[in-house]
Amino acid sequence: MARSNRVPATPATRALQSAGVAFESRVYAHDPRTTDYGAEAVELLGVQAERVFKTLIVRFAPSERNRSGAACAVIPVERRLSTHELGAVLGEKGIELADPAFAERRTGYVVGGISPIGQRTPVPTVIDESAWDHGTVLVSGGRRGFDLELAPEDLRRVLDARSAAITA
């Protein structure tokens with residue numbers, strides 16, 4: 001897969017290029033009135049919903065395992081995160097979705113464009129195991145209207161992520 005020259009560099013694309021990871025830039029015209037960013041990407045990119053993954057930032061009480069008290073979950077846009085399953089994988093309790101302002105500060109991206117790649121402050125990341133049902137998946141490229149298509153194993157490797165069943 002080649003990177004499109006039409007898209008300005010983002011921390012996500014720079015991280016992938018630095019790691020030597022093959023990806024394809026997928027650009028679409030984001031409607032600023034839209035708040036269901038995943039559904040918009042599915043529709044405008046014309047791909048199966050189960051291949052488009054959203055990035056969720058979660059919070060919990062800091063612990064010896066994770067002093068930051070934050071983690072990242074990457075799951076299909078049409079599914080819901082199981083905080084119980086994610087907590088079991090991370091060995092943490094009391095996991096809840098982070099508020100948008102915290103997620104934006106932590107990642108350096110805006111909601112609707114939060115990429116799991118190239119975040120300002122990297123945190124432990126878990127990718128839902130369903131990603132491996134597909135040759136490639138799409139994740140945000142670091143801005144609304146911009147996704148990156150890459151192999152799930154490449155995504156896992158560049159994020160140093162774990163894979164587990166974390167959806168309800």
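**Entry 1: the nonpolar cores**

I began with the largest nonpolar core, which has 26 residues, and I noted that those with the most contacts inside it are Ile117, Val139, Leu148, Leu150 and Leu155. Looking up where this core comes from, I found that α1 (11-19), β2, β3 (70-76), α4, β6, β7 and α5 (152-159) each supply at least two of its residues. A second core, separate from this one, has 13 residues, and Val58, Leu90, Ile95 and Val126 are among them. I should record early that I am reading a predicted model. As background, I wrote down that nonpolar side chains tend to be buried together in soluble globular proteins.

I then picked leucine 155 and asked which residues it touches, not counting those up to four places away in sequence. My list for leucine 155 reads Val74, Pro116, Ile117, Ile127, Val137, Val139 and Leu150.

**Entry 2: helix α5 and what follows**

Since Leu155 is one of the buried residues of α5, I looked up the others, which are Pro152, Asp154 and Leu159. These buried residues cover an arc of only 160° around the axis, which puts them on the same side of α5. Among the elements that cover the buried residues of α5 I noted β3, β5, β6 and β7.

Following the chain onward, I came to aspartate 160, which lies in the loop between α5 and β8. Its phi is positive, about 50°, although aspartate 160 is not a glycine. I made a note beside this that most residues other than glycine have a negative phi. Is aspartate 160 buried or exposed? I found a relative accessible area of 66% for aspartate 160, and because exposed means over 50%, this residue counts as exposed.

**Entry 3: helix α1**

For α1 I looked up the buried residues and found Ala12, Thr13 and Leu16. Seen down the axis of α1, they fall within an arc of 95°, so one face of the helix is lined by them. I added the reminder that an α-helix has 3.6 residues a turn, so residues three or four places apart point the same way. The partners against which the buried residues of α1 pack are β6, β7 and α5. Just after α1 I came upon glycine 20, which takes a positive phi of about 70°.

**Entry 4: helix α3**

In helix α3, which runs over residues 83-90, I found Leu86, Gly87 and Leu90 to be buried. Their directions fall within an arc of 100° when seen down the axis of α3, so these residues line one face of the helix. His84 and Ala88, by contrast, are exposed on the other side of α3. The cover over the buried residues of α3 includes β2, β3, β5 (125-128) and β8 (162-164). Just after α3 comes glycine 91, and I noted for it a positive phi of about 75°.

**Entry 5: the largest pocket**

I turned next to the largest pocket, whose volume is about 560 Å³. It is lined by 28 residues, and those that lie nearest its centre are Tyr37, Lys54, Thr55, Leu56 and Gly112. Sorting the lining of the largest pocket by class, I entered 16 nonpolar, seven polar and five charged residues. The elements that each supply at least two residues of this lining are α2 (37-45), β2 (53-59), α4 (100-107), β6 (137-143) and β7 (146-150). Which of them gives the most to the lining of the largest pocket? I found that β2 does, with five residues.

**Entry 6: two single residues**

Leucine 56, listed above among the residues nearest the centre of the largest pocket, lies in strand β2. I found it buried, with a relative accessible area of 18%, the cut-off for buried being under 20%. Leucine 56 touches Ala71, Cys72, Ala73, Ile75, Leu81 and Leu97, leaving aside residues up to four places away in sequence. Of these I followed up alanine 73: it and leucine 56 are 17 residues apart in sequence and 5.1 Å apart in space, C-alpha to C-alpha.

My last residue was arginine 33, which lies in the loop between β1 (24-27) and α2. At 72% relative accessibility, arginine 33 counts as exposed. I also looked up valine 52, which is 19 residues from arginine 33 in sequence and 20 Å from it in space, C-alpha to C-alpha.

Note on methods: Residues are numbered from 1 along each chain as its sequence is written. This is a predicted model: local features need pLDDT of at least 70, side-chain atom pairs count only at pLDDT 80 or more; totals for chains, interfaces and linings use all residues. Side-chain values use heavy atoms; hydrogens and water are left out. On a 1 Å grid over the protein atoms alone, a cavity is a set of points where a 1.4 Å probe fits but cannot get out, and a pocket is an open set with protein on both sides within 12 Å along at least five of seven lines; lining residues have an atom within 4 Å of a point. Grid points are joined across faces, edges and corners, and a volume is the space filled by probe spheres set on the points. Helices (H or I, at least four residues) and strands (E, at least two) are DSSP runs, numbered from the N terminus. Ala, Val, Leu, Ile, Met, Phe, Trp, Tyr, Cys and Pro count as nonpolar, Asp, Glu, Lys and Arg as charged, and the others, Gly among them, as polar. A nonpolar core is a set of buried Ala, Val, Leu, Ile, Met, Phe, Trp, Tyr and Cys residues joined through side-chain atoms within 4.5 Å. Buried means under 20% relative accessible area, exposed over 50%, partly exposed in between (1.4 Å probe, protein chains only). Contact means heavy atoms within 4.5 Å. The arc is that of the directions from the helix axis to the C-beta atoms.
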